[in-house]
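Got the model open in your viewer? Let's walk through it, starting with the whole chain and then picking out single residues.

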Amino acid sequence: MPIPFLPSNVRRNHALEHATLQILGEKNPRLRLAGYSDSLGFWIIGKVDFDDLQEAIYQAETRLNQGESHLAIHPNCGTNFAASGLIAALAAFLGMLGSGNSARSRWERLPLVAVLVTLSLILSRPLGPWLQAVATTDARLNGLHVMGVDRFERRGIPLYRVHTRS
């Protein structure tokens, strides 16, 4: 059951963005793209053929509507990095508790902190995808449709704005 964290349209756009990136990656694994979602659609940042992008968006919308919810969970989503970073920071904080104020006592704790942070990063790997599934994406588009795609360029970097509407 989803946790209400972001507005529904942001979560659905985020899912469509991820699915689009996954489909583009299936076609060309060497593509280096980024995305950003908001309530009105999403951005794709990077060099990609406009026709390939439009086809991937169409496929993403179709496949999500057919129930391929796994496409909404992306391995390079910022949610994954934020979740792991937060857990690692908490582990480092806990590892330093009681170490005192001297630099020497803190340096002596470094091996313990390194072990705790490493373990937290290993154990937190499932957290990011789970958070995507329940809090930051919604693969059920429920009538969300792509209305159009605009291309921009900033400092030589192509930017694509994908407009959606429910």
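Start with the contacts across the whole chain: of those with a sequence separation of 6 or more, 68% join residues 24 or more positions apart. Keep in mind as you click around that this is a predicted model.

Now colour by secondary structure. You should find 5 helices and 4 strands, and walking from the N terminus they come in the order α-β-β-α-α-α-α-β-β. The radius of gyration is 20 Å, well over the 15 Å that the globule rule gives for 166 residues, so the protein is more spread out than a compact globule. Turn the model along its principal axes and the C-alpha atoms fill a box of roughly 60 × 40 × 25 Å.

Switch on the surface next. The accessible area is about 10,000 Å², with 61% of that belonging to carbon and sulfur atoms. Buried residues account for 38% of the 166 in the protein. If you colour by charge, look for 17 positive and 13 negative side chains; the centres of these two sets are 10 Å apart.

Time to zoom in. Select helix H3, residues 78-96, and find Gly85 in it. Is Ser84, also in H3, buried or exposed? Its relative accessible area is 16%, and since buried means under 20%, Ser84 is buried. Show its side chain and you'll see a polar contact to the side chain of Ser124, at 3.1 Å. Leaving aside residues up to four places away in sequence, Ser84 touches Leu121 and Ser124.

Step along to Gly85, which is partly exposed at 36% relative accessible area. Draw a C-alpha to C-alpha distance from Gly85 to Ser120: you get 9.2 Å in space for a pair 35 residues apart in sequence.

Next stop, backbone angles. Which loop holds Asn142? Go to the one between helix H5 (127-136) and strand S3 (145-154). Phi of Asn142 is near 45°, a positive value in a residue other than glycine. With 60% relative accessibility, Asn142 counts as exposed.

Last, follow the chain to the loop between S3 and strand S4 (157-165), where Arg155 sits. Arg155 is not a glycine either, yet its phi is positive at about 55°. Put the surface back on and check this residue: Arg155 is exposed, with a relative accessible area of 83%.

Technical notes:
Residues numbered from 1 in each chain as written. Predicted model: local features only at pLDDT ≥ 70, side-chain atom pairs only at ≥ 80, totals over all residues. Heavy atoms only, no water. Helix = DSSP H or I, 4+ residues; strand = E, 2+ residues; numbered from the N terminus. Rg over C-alpha atoms; globule rule 2.2 N^0.38 Å. Buried < 20%, exposed > 50% of the residue type's maximum accessible area, 1.4 Å probe, protein only. Contact = heavy atoms within 4.5 Å. Areas by Shrake-Rupley, 256 points an atom, 1.4 Å probe, with all protein chains shown as cover. Lys, Arg positive; Asp, Glu negative; His and termini not counted. Charge placed at Lys NZ, Arg CZ, Asp CG, Glu CD. Polar contact = N/O pair within 3.5 Å; in protein donor to acceptor, adjacent residues only side chain to side chain.
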